[in-house]
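Reader: I have a structure to look at. Can we go through parts of it by question and answer?

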Amino acid sequence: MKLLYTPFTEDANEEIAKRILKGKRILHITPTLILERYRFRKINEILDYTLRQNEKKMVHKVYSFDNWKRVLIDNKCSQKYLTRIEILVILKRAIQNVAPQQLEWESVASNLLDLFSTFRSSGMEFYKIQSLSEDESWEMVCKIYQEFLKLTESHLEPDTCFIRGVKEYSFKEYDELVFDGPFLFFSHLHESMINRFQELGKKITFIVPYYDEGEKIQPAFNIIRKVYSNYVPFSQWEAIGFSNRSRSTYVEEVPHILFTDNVGFLDHSIEFYQFSCLEQEIMHVVKQIQNQVVKKELREVAIVSPQSRRLRPFFNEVFEQYRIEYETTENKVKQLLPLDLIKILYQSRIDWRKFEEDSYFDTIFFKRILQSNWYNSNQSIPSFEKIELFYDALPTIDDWIDQSLKLIQLYEQIDFSKYRYHPLKSVKRENLELWLFILMELKSFQDELFSHGEVTFSEHGNKLLDVIHKLKQRFSQSQNEDPFFEKTRNVIKEQIERFNDTALLPITAEEFAEVLIGLLSSDISLSQQENDEIEVQIKRSKRKNIPMITSLHNIAFAEYRFVYLTQFTQENYPSFSPDSWPCNSEMEAKILSETTRLKVNSGLEMEKLKADCARYYFLLAFLAAKDKVVITFSGNSTNIYPSPYLMEIARSVGIDLDRKPVDLLNRLKEEGILKLVSGYDAPSYQSGEKTVELTGSIVPGEILLNEIALYRLCPKRYHYTISKPEQNVFASAFQIGFYYGRKISQKAISLIAEDYKVETTSNNAKSRFTDSVIRNYVRQAMHTEREYFPVRKEIEIQAQFLAEIFTKNLIDHIFNSRWNKRVVFTTDFIREELEIPFDHRDVKVHMPLGLKLLVDGRPNVYYLDDYELFLSILEKNLDPEVDAFFKWYIQVRQKRNSKEIGMLMNDIVTQPITIKETKLCIYCPFVQNCRGYEEENKDNGSGRTV
């Protein structure tokens with residue numbers, strides 16, 4: 001075996017091309033797909049240039065290890081094997097056999113499969129597996145593994161198939177195996193390739209990014225020496241390429257000064273930026289790319305982050321704003337929103353929360369279905385959110401169907417003039433019917449998909465395709481066909497066809513459901529080691545002119561003009577992959593020592609090796625950059641802890657490190673090294689007072705007194721109450737409970753009025769209206785009101801409790817007096833009117849609903865629904881302003897002050913609308929409208945019922 005090293009990736013291009021031109025037949029393997037594509041492009045450019053005069057054409061193939069693994073399994077393995085997905089199904093069966101109904105074990109099935117695949121394919125003896133851990137849970141892992149071996153006795157999984165394929169394959173078309181790039185660390189799968197080529201007497205060459213300055217060893221390169229010396233003694237390592245390269249910039253000088261005692265100078269080749277927030281950081285990076293990079297060279301840009309998958313959608317959104325072409329790297333399955341319906345079709349039937357029921361369903365599922373827009377339903381989501389409380393805590397689809405039927409019936413019966421703020425007021429009947437139709441169809445499709453027994457993956461998939469076809473036929477009859485049907489069908493079909501020839505294991509509909517959901521959610525990988533999601537991007541892009549967004553290890557030994565190291569904080573640089581339980585560093589050390597040539601003595605040493613890997617990859621980022629490295633991070637000076645690598649960079653240019661991170665940042669800013677970018681405000685809604693100059697509102701011909709009063713409390717809320725009456729409903733659990741309690745109390749008072757038409761005095765009221773008596777009237781009232789509020793039990797209890805309080809408070813208010821009142825209840829419920837001249841017309845102002853009583857022989861009115869509109873204010877003194885408002889309102893109501901009301905009307909139509917956010921906004925039904933600052937110069941009329 002031979003090892004060649006160079007810090008410069010172009011040397012590797014030249015070396016491999018030279019060997020190919022000499023007639024060497026090379027099996028060329030890289031650790032990442034990015035390096036695979038880079039080598040393929042560069043080496044073939046060299047070959048094309050060299051051979052063009054001879055009119056020869058030669059194409060050199062390069063494989064990332066994962067790609068080579070798939071190629072060998074598919075083309076060279078003589079035995080049939082089960083896919084990773086099918087093996088995962090078998091593993092879950094093993095878990096059920098050993099630990100039935102223990103969901104925590106099923107939740108780590110994917111981690112266990114990685115371990116078990118390593119154990120089985122490496123041939124690791126069982127007693128050694130048992131000795132890997134002394135944790136009490138490891139005994140259960142071993143039992144599950146034994147059961148797994150029993151169930152897979154006649155089946156191969158991909159890794160074992162690969163090992164056997166390597167042993168059977170003659171590799172006669174290859175003279176040499178080249179492992180090109182840093183493999184940190186080699187696994188038993190790599191070892192099998194090395195061992196096979198040694199058995200066949202064929203050459204093996206490692207090419208690694210490494211630099212040797214004699215006695216002065218770059219500490220970041222120690223990890224390469226530690227790993228690769230197990231394959232080729234260090235004394236036999238050979239350098240390739242030219243040693244005298246330019247060292248005129250800081251980036252070019254990095255291999256000689258970073259992590260050493262040497263000192264260099266900062267220059268234009270490296271820049272540092274600190275931002276106040278992540279949004280600003282992303283925006284600045286994209287803007288800088290647009291300003292500094294020629295469009296045809298966008299492919300020469302690498303944006304690096306340990307959280308590249310999470311950040312990619314944010315970057316893409318900004319790329320779109322700046323009209324920079326980008327390639328989404330999320331799995332295309334995930335991008336297709338309509339697939340949510342398919343996932344929920346199955347998830348509902350296998351969700352662990354179903355317990356003894358046939359299915360589980362909740363509001364999150366249903367809103368995802370509406371959003372998927374299979375039924376042209378996404379526009380109805382805001383309406384559903386107004387009434388979703390009626391479905392809350394209903395656990396099955398059957399329950400949802402029953403509730404939908406009740407709501408449709410209630411919609412026909414309810415009088416919205418009496419239930420002015422009921423959530424159903426915001427919903428159209430056609431929406432209720434649409435939602436019922438969706439639920440019934442969902443149940444029908446579920447019954448169809450789960451009606452057959454154990455069949456293959458493909459047979460289950462074809463049943464699903466039939467369902468999609470039915471949906472498409474039904475949908476296409478009602479409106480123009482939407483292309484997402486075809487997209488959805490193609491995605492599902494593609495998933496199925498991947499298993500047509502290999503997936504032969506009979507599985508249940510429930511097992512198929514788990515597999516399909518995993519595929520559609522990108523939670524299941526087809527290979528044991530995913531080579532980062534960026535591989536999907538590379539395959540699709542085919543070297544499109546787009547920036548690359550990836551993680552640090554993926555740009556190792558590649559080449560870019562500009563490298564942006566983003567999120568450069570302590571949490572991300574160095575970045576370590578979390579342990580995948582039950583595996584930990586101690587166990588990983590033992591497994592590597594047992595299955596490869598690398599010997600790791602402890603978990604602590606394993607963790608140090610990982611830290612050394614992170615440092616090595618960080619150094620390689622500078623080697624990958626031809627022109628510039630830009631380092632960015634976000635956060636303010638009180639909560640930001642930059643990467644310790646920043647301190648290493650500071651040390652490499654002679655800056656004192658004996659200081660706190662905050663002091664270091666200040667020093668870098670003072671010297672103009674670190675640029676603090678400010679002045680960007682992420683979109684948010686800050687609390688406080690705002691005045692918006694908008695056209696005044698209107699006063700309709702009929703209006704409630706408390707609606708006019710609302711203007712004084714919040715002009716914007718009054719404006720929306722008049723212009724958007726359909727939204728002026730209560731929807732939260734607290735509001736519904738409060739409103740429900742008000743309605744129960746009103747009904748209870750009416751029942752009391754019917755029973756107490758005889759005279760009652762203040763002296764005997766306490767004995768007549770005891771707490772138990774009031775409670776009985778409230779319970780009677782609930783029987784009537786319950787049909788209008790089909791809510792869960794907790795809200796009913798809340799409403800009953802509040803109704804008892806409201807009823808008792810009114811009774812106490814009626815009889816509270818220093819003298820012995822004589823009260824006679826009547827059943828006369830009145831809503832008095834005031835006619836107030838305004839703007840050349842008479843406006844009818846409706847007083848609150850009142851109950852007429854005879855008090856000492858004189859009629860008196862006690863108001864029952866006065867506070868319905870003010871539910872969110874709670875009738876409590878939340879602050880002095882609210883307290884003052886209620887005192888003012890009571891005075892206006894008592895005196896029926898037409899002049900005061902007229903002055904308010906004049907303000908309504910003449911004054912600009914002001915916005916003042918307070919704690920009262922929390923439950924306001926218009927808070928989102930208000931925060932949107934919508935233009936109000938449109939038709940404000942409303943055909944509302946007063």
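Author: Gladly. Keep in mind that this is a predicted model. Helix 14 is a good start, with S308, L311, R312, F315, N316, V318 and F319 buried.

Reader: How far apart are the end C-alpha atoms of helix 14, and what span should its 14 residues give?
Author: Helix 14 covers residues 308–321. The expected span counts 1.5 Å for one less than the number of residues. For helix 14 that gives 20 Å, which agrees with the distance between the end C-alpha atoms, 19 Å.

Reader: Which residue with a positive phi follows helix 14?
Author: Look just after the helix. The phi there is near 55°, and the residue is R323.

Reader: Is K69 buried or exposed?
Author: K69 sits in helix 3, residues 65–76. Buried means under 20% relative accessible area. K69 has 5% relative accessibility, so K69 counts as buried.

Reader: Which side chain does the side chain of K69 make a polar contact with?
Author: Look for a partner at 2.6 Å from the K69 side chain. That partner is the side chain of D159.

Reader: Which helix gives the largest share of the largest nonpolar core?
Author: This core has 125 residues. Among the members that touch the most others are L91, F116 and F361. The largest share is 9 residues, and these come from helix 31.

Reader: How many residues are in the second, separate core?
Author: Nonpolar side chains tend to be buried together in soluble globular proteins. The second core includes C77, L189, V563 and A614. Its size is 96 residues.

Methods. Residues are numbered from 1 along each chain as its sequence is written. This is a predicted model: local features need pLDDT of at least 70, side-chain atom pairs count only at pLDDT 80 or more; totals for chains, interfaces and linings use all residues. Side-chain values use heavy atoms; hydrogens and water are left out. A nonpolar core is a set of buried Ala, Val, Leu, Ile, Met, Phe, Trp, Tyr and Cys residues joined through side-chain atoms within 4.5 Å. Buried means under 20% relative accessible area, exposed over 50%, partly exposed in between (1.4 Å probe, protein chains only). Helices (H or I, at least four residues) and strands (E, at least two) are DSSP runs, numbered from the N terminus. A polar contact is a pair of N or O atoms within 3.5 Å; within protein, one must be able to donate a hydrogen and the other to accept it, and residues adjacent in sequence count only if both atoms are side-chain atoms.
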